[in-house]
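Thank you all for coming; I would like to walk you through one structure this morning, going slowly enough that those of you who are new to reading structures can follow along. Please keep the picture in view while I talk.

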Amino acid sequence: MSTLLEVRNLKKHYPIKKGLFSKQVGAVRAVDGVTLTVQKGETLAIVGESGCGKSTTGRAILRLIEPTDGEIIFNGTDVRSLNLEQLRKFRTDMQMVFQDPFASLDPRWTVQQVLEEPLITHENVSKTELKQRVDQLLEVVGLSSYHAGRYPHEFSGGQRQRIGIARALALNPKFIVCDEPVSALDVSIQAQVLNLMKDLQEQYDLTYMFISHDLSVVKFISDRVGVMYLGKLVELAPTKEIFQEPLHPYTKALMSAVPVADPEADLQRIVLKGDVPSPENPPKGCAFHNRCPAAMDICSKIQPVFAEAARGRQVACHLYPTSKPE
Ligand code: SF4
Ligand code: MG
């Protein structure tokens with residue numbers, strides 16, 4: 001496998017301004033130093049509770065929001081160095097699927113209009129070809145040309161997500177960030193959409209970053225899982241390993257709450273005390289220390305380094321000697 005995407009120390013901080021002269025008094029550290037790679041053809045899931053920075057990470061990688069700092073190398077290109085025109089062209093390779101793709105669209109647009117829009121913007125396509133391409137896209141996602149003249153409100157949630165996926169596929173991308181693509185759907189429909197996504201991945205050599213808070217979904221769809229807490233990755237590992245034997249205490253707590261227990265895993269339900277602290281004022285040292293059942297003295301003082309603790313497994317926690325700063 002080769003690397004498609006490399007992200008180094010990605011940050012997105014939102015300034016907090018106060019007073020008459022909008023003096024900056026602090027920052028919300030939505031994403032605070034994320035480092036990861038995505039291999040060609042894999043599905044990397046990013047999990048964590050709401051507000052942990054997973055959606056912001058996905059959007060910052062695509063530069064749908066501008067990162068504050070860090071490097072994003074996609075297929076050899078430094079994404080942050082692109083000007084707007086270059087970025088526009090580049091976007092054909094990197095797409096996004098949203099929870100509800102129609103939430104952001106004009107309800108007066110037909111599916112034909114929704115799907116032809118990226119083609120008109122990026123390619124020089126004749127009217128006849130537009131019609132053909134849209135029909136093809138609909139077929140690829142399990143719908144038909146019969147749906148092209150219809151409006152968003154005429155579709156079920158599952159069908160809408162199929163159209164959202166078709167829209168993301170329109171320009172033949174290499175990489176798709178999927179942000180909670182099935183969390184608004186009924187469980188029975190979720191499975192259909194996830195299976196479709198798996199089939200499309202194989203058929204079109206797609207690479208996914210799959211953002212979700214639902215661990216059963218993540219277990220089904222992903223090859224590797226990254227766990228975020230307060231804007232940082234705390235663990236990243238192959239899916240099977242992280243479900244069987246999570247290393248980070250936060251991951252252990254998350255996994256212990258998965259409703260479908262893995263018979264091979266021996267996890268007691270761990271209930272964490274307290275709430276996630278504010279990303280405006282994250283705790284010193286390990287940001288998880290005020291809730292961690294395994295916290296030690298060092299944890300409130302020194303921030304653990306995100307490093308390889310075992311083959312292919314990274315973790316940021318003082319329980320592992322690799323997390324000790326130099
Ligand atoms: Fe818990 Fe300390 Fe590890 Fe943080 S570094 S997860 S507080 S043991
Ligand atoms: Mg989100």
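**Strand E3 and the sheets around it**

Let me begin inside the fold, where strand E3, which covers residues 43-47, runs parallel to strand E9 and is joined to it by four bridges. Before going further I should say that this is a predicted model, and everything I describe should be heard with that in mind.

Within this pairing, Ala-45 stands opposite Val-225 of E9, and Val-47 has Val-227 of E9 as its bridge partner. E3 also pairs with strand E8, residues 207-212, again in the parallel sense, and here there are five bridges; one pair to look for is Leu-44 with Met-209 in E8.

How many of the five residues of E3 are buried? Five of the five are, so the strand is largely enclosed by the rest of the structure. It helps to recall that in a regular strand the side chains alternate between the two faces of the sheet. In E3 you can see Thr-43, Ala-45 and Val-47 pointing one way, while Leu-44 and Ile-46 point the other way, and all of them are buried.

Now let us step back to the sheet that contains this strand. It is an open sheet of eight strands in the order E6-E7-E8-E3-E9-E10-E12-E11, and its pairing is mixed. At its edges are strand E6, residues 94-97, and strand E11, residues 307-310, each of which pairs on one side only. From one strand to the next, the twist averages 25 degrees.

If we look at the edge strand E6, four bridges join it to strand E7, residues 175-179, and the two run parallel; Gln-95, for instance, has Ile-176 in E7 as its bridge partner. Met-94 and Met-96 point one way from E6, Gln-95 and Val-97 point the other way, and all four are buried.

There is another sheet to find, an open one of four strands in the order E2-E1-E4-E5, with antiparallel pairing. Strand E2 (23-39) and strand E5 (77-78) stand at its edges with a single partner strand each, so one side of each is left without a neighbour in the sheet. Further in, strand E1, residues 3-18, pairs with strand E4, residues 69-74, in the antiparallel sense over five bridges, and in E4 it is Glu-71 that is the bridge partner of Arg-8.

Let me turn to the helices, beginning with H1, residues 54-61, which is mostly covered, since eight of its eight residues are buried. Among them are Lys-54 and Arg-59, as well as Gly-58 and Ile-61. After H1 comes Arg-63, whose phi is positive, near 60 degrees.

Helix H9, residues 249-256, has Pro-249, Tyr-250, Thr-251, Leu-254 and Met-255 buried. What do the buried residues of H9 pack against? They pack against helix H7 (215-221), strand E9 (224-229), strand E10 (232-238) and helix H8 (239-244), and two of these, E9 and E10, are strands that we met in the sheet of eight.

Pro-249 also leads us towards the end of the chain, because a residue may be close in space while being far along the sequence: Leu-319 and Pro-249 are 70 residues apart in sequence and 9.2 Å apart in space, C-alpha to C-alpha.Leu-319 is found in the segment after strand E12 (313-315), and with 16 C-beta neighbours inside 10 Å it counts as partly exposed.

Next comes ligand 1, which has 14 residues around it, and the ones that come nearest are Cys-286, His-289, Cys-292, Cys-299 and Cys-317. The shell divides into eleven nonpolar residues, three polar and no charged.

Finally, the protein chain as a whole. Its secondary structure comes to nine helices and twelve strands. The radius of gyration is 21 Å, close to the 20 Å that the globule rule gives for 326 residues, so the chain is as compact as a globular protein of that length. Along the principal axes, its C-alpha atoms fill a box of roughly 70 × 55 × 40 Å. Buried residues make up 38% of the 326, and among contacts between residues at least 6 apart in sequence, 62% join residues at least 24 apart.

How values were computed: Residues numbered from 1 in each chain as written. Chains lettered and ligands numbered in written order. Predicted model: local features only at pLDDT ≥ 70, side-chain atom pairs only at ≥ 80, totals over all residues. Near = placed C-beta within 6 Å. Nonpolar A, V, L, I, M, F, W, Y, C, P; charged D, E, K, R; others polar. Buried ≥ 20, exposed ≤ 12 C-beta atoms within 10 Å, placed from the backbone. Contact = placed C-beta atoms within 7 Å. Pairing = 2+ DSSP bridges. Axes fitted to C-alpha atoms, helices over the stretch in contact; angles between N-to-C directions. Rg over C-alpha atoms; globule rule 2.2 N^0.38 Å.
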